[in-house]
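Visitor: Could you take me in for a close look at the pocket around the ligand? I'd like to see what lines it, and then how the rest of the chain fits around that picture.

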Amino acid sequence: PIAIAVATTQTTCPYCGVGCGVSASMKQDGSIGIKGDELHPANQGRLCVKGSALGETVDLDGRLLYPKMRGADGNMRRVAWDEALDTVASTFSAIVAEHGPDAVALYVSGQLLTEDYYIANKLMKGYIGSANIDTNSRLCMSSAVAGHKRAFGEDLVPLAYEDLELADMVVLVGSNAAWCHPILFQRIARIKETKPHAKLVVIDPRRTATCELADLHLPVKAGTDVWLFNGLMSYLAHRGARDNAFIEAHTNGLNEALAVADADCADPATVARICKVDLADLLAFYEAFAGTEKVVTGFSMGVNQSSAGTDKVNSIINCHLITGRIGKPGMGPFSITGQPNAMGGREVGGLANMLAAHMDLDNAVHRDIVQGFWASPRIADQPGYKAVDLFRAIEDGRVKAVWVMATNPMVSLPDADLVRRALEKCELVVSSDIIEKTDTNAFAHVLLPALGWGEKDGTVTNSERRISRQRSFLLAPGEARPDWEIICDVARRMGFDGFHFDGPHAIFDEHARLSAHRNGEPEAAVGGAAKSRRVFSLAGLAGIGKPQYDALQPIQWPVQRLSDGSVVGTARVLEDLRFTHADGRARFVATVPRNPANQTSDEFPLVLNTGRVRDQWHTMTRTGKSATLANHIPESFIDIHPQDALLYGVREGGLARISSRWGAMVARVQHGGGIPRGSVFVPIHWNDQSASDARVGALVNPVVDPVSGEPEFKHTPVAIEEF
Ligand code: SF4
C-alpha cells in the first residue's frame, strides 16, 4: 500500500550537536516518514544516515513502559506511579535529613531537554541545597566550557555555522566531523566546491574519513596539541601575524602566555619532533594560518577529552586572540558539541560547578540572583562532585542515593567497573529511562519510564547556540511521562514549592525570565569581580506563552525583543569585541604543555583511543534498533596498525582481548581505520547488553582534566593479546 502522510511535525534530531531540523510525518499505514526540515538553518533539508533512520528507532521493543521497583527477592515488579514517586521522595528526604544534602545526587544527560535539565538543576541546587548534579556532558564538552570561561569570562561560542562557509580556511582538531557531525561536515565540504582556494586542515592522530577532504592532515601524536598550538602562537607572534591594535584594545595576558609558548615551542623543528609530524607539513600549516585572515578552528572530543583538555582549548583560542580573528565574519574558535543538548544543559546550570543562566556557583552575587529569583529556601554554595568523582563518592559511601536520568554510566564512564561497584553499594539507585534493560538499569532499585524522542516536548540548543523545539508527534506509550513532570512530582512530595508548571512552555518561560533577571546590571551593583555583563540572555523570550512556544522557530541566543514585538537572535555574539570579564577584555591563558597522565610501558605498550562510528549513537539503546544503521558496522572492533598486529600476535578478523590497569574487553581485530603505530581505536557504543565484555569504558583510565573534570578518553595505556 502507498503510505500517505496525514500530519507533519517540525522537530529536531536527538543525536549530535549539529541539531538538524527534522520533518516527521505520521502516515496512514502507521509508518513514520522522516525528512530534513528545509527551513531549519542548521541543515537546510539535509539529514545524515542516523537522522534519516529515526523512524526505525521509535518502536516499543524493549521500552520501559511502567514504573518498576526491585523487590526483596531481587526481581523488578511493576508498581503504581504513586508508590515509585513516594519511595524516591521519602528516601531522598530521609537521607538528606540524616546525612545532609550532599549525600544525594543527580546524574543527568545531554539527552534531556532544556526544560527537564532546568527543573533537575532547580531541585538540586535551590531546594535540596547541594550542587551534586552532574551530567554526561561532562564527558564531552566541559573542557570547552572551562576554556571559554577562562578566555572570554563566559561560556559562549563566538560564531555560527555560517562562519564556516565564510571562512577561507577551516582547521578541524580532534574531530572526525565526517562521521560524528556529518551535516556540518557537508557544509564544510561545500566551501571547497564554491571556493577552490579554501583550505581544510585536519589535526588528528588517526587518518579518519574527515581527512579524505583535507588539503593537509597533521597526524599529531596523541596528547601533544598544546605544543602544536603554542608553537603556532609563537610563530604568529614573531612573523608579523599579530593584530597589535586588537591585542591592545581587547585583551590581557599576552606576555605571560607568549613567554610560555616561546619557552618550549618557538622552534618549529622541536615542535614537529614532539608532535611527531613532518616539519614541512607543520610549517605549511603555520604559514597557511598566518596568511589567512578568515580562519575557523573547530575542535571536538580529541581536544576536550584529555587531562590537558582545558589548556588545549585555550592554546587554540590564544591563536585566534593574537591574530584578532574572533567576533568577525568567517573566523573564530569553534567548539563542536557532541550531544543534542549539551549546550542547553550549560544554559540552565546542569553541571556541578555552574548555576542556571550561565551564572557561577562560586560568585555570591550570582547565587543571590538565582536564589532571589527562585525564592528558594537555600542555594548550593560549594561545587558538587563532577561525573567521575561522583561515582567515587557513591562507591565510598559519601553519596548514598543517586538518580540517573537518560544515561548509561555503566557503559559510558571511564573505569566503568568502578561504576558497577558504586551502584552495587548505593542505598538507592533511581533510573529514569526509555529502555528497561541497560547495563546501568540492572543495578536500579526504582525504574521510572520517561518519554522518548517523538513523544516529548521541549527545546534543545545546538553547537552554534541555536535553540530549536523538539516536538511530540507520537502518543505517550504505557505510563511513560516527561522527565520534567516526574522531577516536579518528586520535588512536591519532598515538600518543595516552586514546582508547579502546566507544561514545558511554562518552564521555558521561567528559564527565559531568569536569564534576564538583573542581567546587565552595572558592575558596581553586582560588586567586585562579579560580571558586569552576561551575554547569555533569553530576555526577548521572557513571558512566552504556549502558542508562541509551540510556534517557536530556531533562534540563536542572546535573544532580543524588538519594538514591534518580534524576536531576533544573534549569530556573532562578540561583534562588539566586548568580552564578559569585568574589564571587557579577553584573556590569553598561559598553557604549559604536559603529557597525558598515564604513559605506555612494557606491560601496557599501546595507547587506547575511543570514539564514535558513523552510524551508531552512544550506547545504542536507539540506533541499535535500526537494521539500516547496523549494516555499516555490525559489531565492536579493535582497530590496530597491521605491523602492530603482527608484533602482538593478533590477526585481522580474529578476536582479541585488550586490557588496561582498570579493566578488559574483547572485540574483533581490524585494520584500515587510519590508526598510527603504537595505538588502538575502539568505538564507545557496544556494551554488555549487546555482547558480553564489550564495554570499552571498563578500560579507560579515570584521570580527568584538573580544571574541567573531563576524563581522558583518548589516552589509556593498554595491552593486546589473541583471545
Ligand atoms: Fe542528527 Fe547530527 Fe545527523 Fe544532523 S548531523 S541528522 S543532528 S545525527
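Guide: Sort the residues of the shell around the ligand by character and you get 9 nonpolar, 4 polar and 1 charged. Keep in mind that this is a predicted model. The shell counts 14 residues, and the closest to the ligand are Cys 13, Cys 16, Cys 20, Cys 48 and Gly 51. As for elements, helix H1 (49-52) and helix H7 (182-194) are the ones that give two or more residues to that shell. Now zoom out to the domains: the ligand lies between domain 1 (5-57) and domain 3 (142-335), because both give residues to the shell.

Around all this sits a protein chain with 25 helices and 28 strands. Its C-alpha atoms fill a box of roughly 70 × 65 × 60 Å along the principal axes. A compact globule of 723 residues would have a radius of gyration near 27 Å, so the 24 Å of this chain agrees with that. Buried residues account for 59% of the 723. Take the contacts between residues at least 6 apart in sequence, and 73% of them join residues at least 24 apart.

For a bit of that packing, swing over to helix H16 (residues 364-374), where His 366, Ile 369, Val 370 and Trp 374 are buried. Looking down the axis of H16, you'll find its buried residues within an arc of 120°, so they line one face of the helix. What they pack against is helix H3 (114-128). Just after H16 comes Ala 375, with a positive phi near 55°.

Methods. Residues numbered from 1 in each chain as written. Predicted model: local features only at pLDDT ≥ 70, side-chain atom pairs only at ≥ 80, totals over all residues. Near = placed C-beta within 6 Å. Helix = DSSP H or I, 4+ residues; strand = E, 2+ residues; numbered from the N terminus. Nonpolar A, V, L, I, M, F, W, Y, C, P; charged D, E, K, R; others polar. Domains from an automatic or database assignment. Rg over C-alpha atoms; globule rule 2.2 N^0.38 Å. Buried ≥ 20, exposed ≤ 12 C-beta atoms within 10 Å, placed from the backbone. Contact = placed C-beta atoms within 7 Å. Arc of directions from axis to C-beta.
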